[in-house]
Amino acid sequence: MKLFAALLSHYRRHPLQLLALAAMMVVASALWTGVSHLTSQARASLGQSERAVAERAQVERVDGMPVTVADFVALRRAGHCVMPWLEVERPASTGRVVGIDPLAAACFGQPAESYRGWDQPLNGESFLDIREAKNLAAAGDGARATLSLLLSGPPGQPALPEAYRRAPFSLGPDTGELGESFLLNLDALGVLVLLITALLLRSVHQLGLAQRRDSFALLHRFGVPEPAVRRALVIEIVLLAAVCVVPGVALGRLLAGGLGSGFGQALESLFDVPLFAGQGSSWLTPVLTMMAVVLAVCLADQLHFSGRQVIRRLAGQGYRVTLLTLVAGLALAFVSSSLALTFVAIALVFAGAGVLAPGLISELARRCGRASAAPLTRWQCAEIGVLARRLALPLVALQFALAMVLAVQALVTVFEATFDDWLSQRLAADYFIEVPAGADSLAAADWLETQSPLAGSGRWHRVVRGRAILPAVDGWPGQTVDLFALGPVSNMLGTWRLQAAIDAPWEAFSRGQGIMVNEQLARRRQLSVGDSLTLALAGERWTAPVLAVYPDYGRPAGEVLIHAAQLPAGFRPDGESFAISPDTADLDAVTSGLKRVWQTETLSLRDNGRIRALADSVFEQTFLLTRSMTVLTLILAAMALLIMGWVFFTTRVWYYRLLAVWGMGPREVAGQLVRLSVTLTMSIAVLALPLGIWLTWALVHRVNPQAFGWSLPMAVYPEFWFELAGLSLIIGLSIAALMRRQLRQPAAMPVSASGLSGGER
Amino acid sequence: MQDELLRVRGLAKHFDSGTERVPVLSDIDLTLGGGGSLALMGRSGSGKSTLLNLLCGLEQPDAGVISVCGELFNGRQPRNGRGDSRRWADLRCRHIGVVFQEANLMPAMSLLDNVRLRAGLAGQDPDDCSAWLERLEIGELAGRYPDQVSGGQRQRAALAMVFAMQPALVLADEPTGSLDRHTADDVADELFRLQAKTGCALILATHDAELAARCEQRLDLAHTAPA
């Protein structure tokens with residue numbers, strides 16, 4: 001106990017060190033918990049939304065008439081769990097609301113064990129009691145109401161009466177692939193954050209130990225055995241971790257809750273399913289993980305394991321091993337064919353870059369110093385070298401954080417741009433009108449072309465969806481691809497961005513002179529513009545030249561686009577729709593005309609503008625979330641460097657006071673501090689740049705294709721570099737400002753010259 | 001003794017310890033001519049280091065007047081902070097050399113680079129610095145770092161730094177306090193030899209009566225300490 005009291009007495013004399021270590025544990029725990037909690041939340045929410053979209057169903061009348069309250073009554077009397085869903089479209093300023101009947105929803109609340117799609121309460125902001133929704137619709141301010149009957153239970157159970165059929169009920173676009181990719185990158189971010197927090201914790205702890213070296217030596221001279229000191233240190237760190245990790249985890253959950261609620265609300269709006277922030281991982285996992293990390297990084301030196309000698313031998317090889325690690329990582333990333341190997345490669349590159357960075361700064365400073373004849377420049381260079389060596393761990397953490405921010409910013413921007421292009425392509429038209437089952441789409445097309453308000457406008461086209469077979473030819477195996485038949489070629493198609501194309505591709509397409517393929521198919525079959533592709537459609541083989549390759553924005557399936565007129569008579573489509581952009585034309589006149597042609601009372605009309613707005617809001621929120629987490633990581637790394645700089649400077653302030661004793665004015669000494677700290681942080685930012693660009697490349701070109709079979713376009717954004725340079729400048733200036741405060745206090749002379757050793761050269 | 005280099009009248013200084021006001025120096029008068037030497041005696045805490053700090057402007061007096069190297073500083077008048085600070089910095093840069101008991105050298109630089117740095121700041125030719133290390137018999141250690149040489153060698157290097165700037169006044173705060181007797185005597189010999197050779201004034205704070213006896217004047221702070 002006396003030994004423990006003697007050890008702790010150090011912190012009584014240096015409370016700042018204890019505070020730094022405790023703060024680092026709390027903040028590191030909070031940050032990692034926040035990221036992991038958000039990732040699990042996002043995963044749960046996206047999974048939930050996908051399930052909801054996939055599993056929701058509605059009841060349709062077989063005669064094509066819209067469902068009514070009488071149908072609801074009939075179905076409920078027949079024992080089916082249906083719920084009225086009154087969707088009221090109001091003018092843009094007031095938006096859309098959904099009226100539901102809580103009583104009817106009761107049967108959704110007790111789903112079968114195997115069916116979990118509806119087990120969430122419906123309390124989203126846009127939901128009203130159905131009576132209020134009906135009143136809004138009846139208010140006559142331009143609101144349009146549509147009644148649907150939502151059906152509970154898995155397909156086929158129980159069978160509906162003959163007059164009805166089951167139909168999918170989906171209002172949102174399928175964002176699954178982009179979402180999965182986003183989650184994978186969030187996972188990678190979580191691992192990096194864990195690595196950075198581990199580095200920061202170790203750096204603060206190591207500095208604390210270095211400060212206590214004299215105390216340990218004194219205890220040893222007093223006859224205290226080394227193992228006893230080691231044991232006391234283990235107890236000390238376990239106690240400290242126990243006290244700090246739990247509040248850190250709580251803070252992280254709070255942080256995740258704050259950031260994640262917006263994300264959950266955005267998903268609610270998109271998928272009409274309440275998704276709650278705050279659900280997800282338990283307390284135990286983050287607490288145990290952070291305890292393990294704290295103990296591992298702080299007590300790594302105390303462990304005696306067989307590999308330690310090997311590591312020491314390798315460490316003795318110094319920069320040769322590090323360089324080899326870096327080169328091996330870079331090479332492995334190029335050749336790796338599996339995700340696991342790519343992650344190993346990323347780890348090797350980070351390890352190599354992390355060890356090399358402080359050494360490189362130090363070596364460059366040494367060379368600059370030698371090359372200069374000016375004594376003050378030589379001192380500055382020597383001091384930069386000392387700072388780089390003594391603050392190596394927090395500097396590396398800052399380098400990793402900067403690289404990560406750079407990569408994530410580039411990735412998120414690419415995601416945003418890709419998502420925007422994807423939506424522009426998929427939702428080029430203002431509305432989609434589904435062709436009802438059994439209806440004649442050709443008759444509708446004829447009406448649109450000749451008699452409708454859209455006649456001759458070029459603002460509509462027909463879309464036929466189906467499958468085509470690419471027969472095995474020239475060594476390529478047979479393959480089934482998605483087929484989209486379009487016609488006539490509308491103005492909306494002209495807005496598509498094509499990756500490669502002949503001159504005037506859409507004109508040739510409209511004349512039926514060829515086909516277009518998506519990026520995935522072109523890559524897999526090594527197709528270029530001008531190559532011929534043979535398709536088997538409805539049993540007939542048909543060969544046509546490739547007129548253009550269009551981007552698929554993450555869709556992994558192969559696609560072929562042909563003119564609708566080329567479809568053989570026996571082709572059986574999976575579905576048909578019309579894409580229309582009425583512009584100034586009367587939409588109601590178009591829809592009522594189609595109803596007449598198809599002799600139906602209802603049309604499935606999808607407002608792409610609304611879907612786009614909803615989808616945008618979801619992704620804006622997720623991107624904001626990612627950016628927030630990376631910026632928080634950067635702030636943590638900067639804070640760690642500040643704390644470390646502060647603590648380290650307490651041991652060095654005497655030497656800056658010497659400059660004042662030697663005649664430098666306070667401003668000049670402060671100027672020296674600014675030069676040193678800014679040079680240090682800017683150097684690390686410069687070294688983080690190639691690492692960040694490489695990480696972007698690795699995520700875009702290696703991780704994504706290996707995980708999902710498709711690749712985003714790679715882009716770098718120099719404006720981010722300048723932003724990060726600005727940020728590094730601010731961090732450097734903050735460190736200098738903090739150190740300058742210490743200069744105002746009388747500096748204590750170092751106790752002994754031996755206290756100076758370590759990292760001085 | 002040459003013309004008056006330093007004149008101090010009515011110098012006083014106190015420190016605050018929590019709510020308590022602790023007087024350290026009170027009504028100090030002293031005069032020192034160019035080339036002269038003065039020993040500051042007194043037990044630990046008597047204010048020797050504080051007086052040296054006041055005499056080179058590292059601390060500000062509560063009261064009193066200091067005239068040094070032709071510059072007048074009046075502690076009783078409202079502080080002309082920046083102006084005084086600049087003038088003191090200029091004096092320390094070119095005319096007043098300070099030697100502490102330890103840690104006079106930048107640890108990340110060789111002995112020679114340390115001397116060059118100090119001489120360079122004082123506007124002296126850094127190329128002459130090797131000669132100063134030679135004069136102090138540590139020329140062969142010029143490329144070594146402070147933690148690679150003994151305490152005595154470090155103090156010799158510190159003296160080389162001070163004299164390389166060709167000061168008018170050297171303030172030495174127990175410069176041999178951390179050395180063994182033999183080494184301390186050697187370092188003290190060098191200090192007095194170089195002081196005599198360069199003609200600068202010396203104020204030496206020390207516990208060592210023998211060392212103090214080598215100075216022309218003595219000021220025992222035990223006798224001037226405030227009650």
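A residue counts as buried under 20% relative accessible area, as exposed over 50%, and as partly exposed in between. The exercises below apply this to a predicted model.

**Exercise 1. Classify I635(A), and state which surface feature it helps to form.**

Step 1. Locate the residue. I635(A) is found in helix α18 of chain A, residues 608–650.
Step 2. Take its relative accessible area, 43%. This value lies between the two cut-offs, so I635(A) is partly exposed.
Step 3. Look at its partners. I635(A) forms a nonpolar surface patch with V631(A) and M639(A). Together they have about 220 Å² of accessible area.

**Exercise 2. Compare A504(A) and D27(B): what is the sign of phi in each, and is each buried, partly exposed or exposed?**

Step 1. Start with A504(A). Its phi is near 45 degrees, a positive value in a residue other than glycine.
Step 2. Place A504(A). It sits in the loop between β10 (500–501) and α15 (505–510) of chain A.
Step 3. Classify A504(A). Its relative accessibility is 40%, so it is partly exposed.
Step 4. Turn to D27(B). Its phi is near 50 degrees, again positive in a residue other than glycine.
Step 5. Place D27(B). It belongs to strand β2 of chain B, residues 20–33.
Step 6. Classify D27(B). With a relative accessible area of 54%, D27(B) is exposed.

**Exercise 3. Is A256(A) buried or exposed, and how far is it from G34(A) in sequence and in space?**

Step 1. Find A256(A) in helix α7 of chain A, residues 226–271.
Step 2. Read its relative accessible area: 0%. This is under 20%, so A256(A) is buried.
Step 3. Set sequence against space. A256(A) and G34(A) are 222 residues apart in sequence. Their C-alpha atoms are 4.9 Å apart.

**Exercise 4. Describe the surroundings of strand β8 of chain A: how many of its residues are buried, and in which sense does it pair with β15(A) and β9(A)?**

Step 1. Count burial. Eight of the 11 residues of β8(A), residues 460–470, are buried, so the rest of the structure largely encloses this strand.
Step 2. Take β15(A), residues 575–580. Six bridges join it to β8(A), and the two run antiparallel. In this pairing, V463(A) has S577(A) as its bridge partner.
Step 3. Take β9(A), residues 479–487. It pairs with β8(A) in the antiparallel sense over nine bridges. Here A468(A) is partnered by V481(A).

**Exercise 5. Work out the sheet of chain B: what is its strand order, which strands stand at the edges, and which strands does helix α1(B) touch?**

Step 1. Write the order. Five strands form an open, parallel sheet: β6-β7-β8-β3-β9.
Step 2. Pick the edges. β6 (96–99) and β9 (217–220) of chain B each have a single partner strand, so one side of each lacks a neighbour in the sheet.
Step 3. Add the twist. It averages 15 degrees from one strand to the next.
Step 4. Zoom in on one pair. Five bridges join β7(B), residues 169–173, to β8(B), residues 201–205. V170(B) stands opposite L202(B) in β8(B).
Step 5. Place helix α1(B), residues 48–55. It packs on the sheet and touches β3, β6, β7, β8 and β9 of chain B. Its direction makes about 155 degrees with that of β7(B).
Step 6. Place helix α5(B), residues 151–164. It lies across β6 and β7 of chain B, at about 170 degrees to β6(B).

Notes:
Residues numbered from 1 in each chain as written. Chains lettered and ligands numbered in written order. Predicted model: local features only at pLDDT ≥ 70, side-chain atom pairs only at ≥ 80, totals over all residues. Heavy atoms only, no water. Pairing = 2+ DSSP bridges. Helix = DSSP H or I, 4+ residues; strand = E, 2+ residues; numbered from the N terminus. Axes fitted to C-alpha atoms, helices over the stretch in contact; angles between N-to-C directions. Contact = heavy atoms within 4.5 Å. Patch = residues over 30% accessible without salt bridge, like charges linked within 9 Å, V, L, I, M, F, W, Y side chains within 5 Å. Areas by Shrake-Rupley, 256 points an atom, 1.4 Å probe, with all protein chains shown as cover. Salt bridge = Lys/Arg side-chain N within 4 Å of Asp/Glu carboxyl O. Buried < 20%, exposed > 50% of the residue type's maximum accessible area, 1.4 Å probe, protein only.
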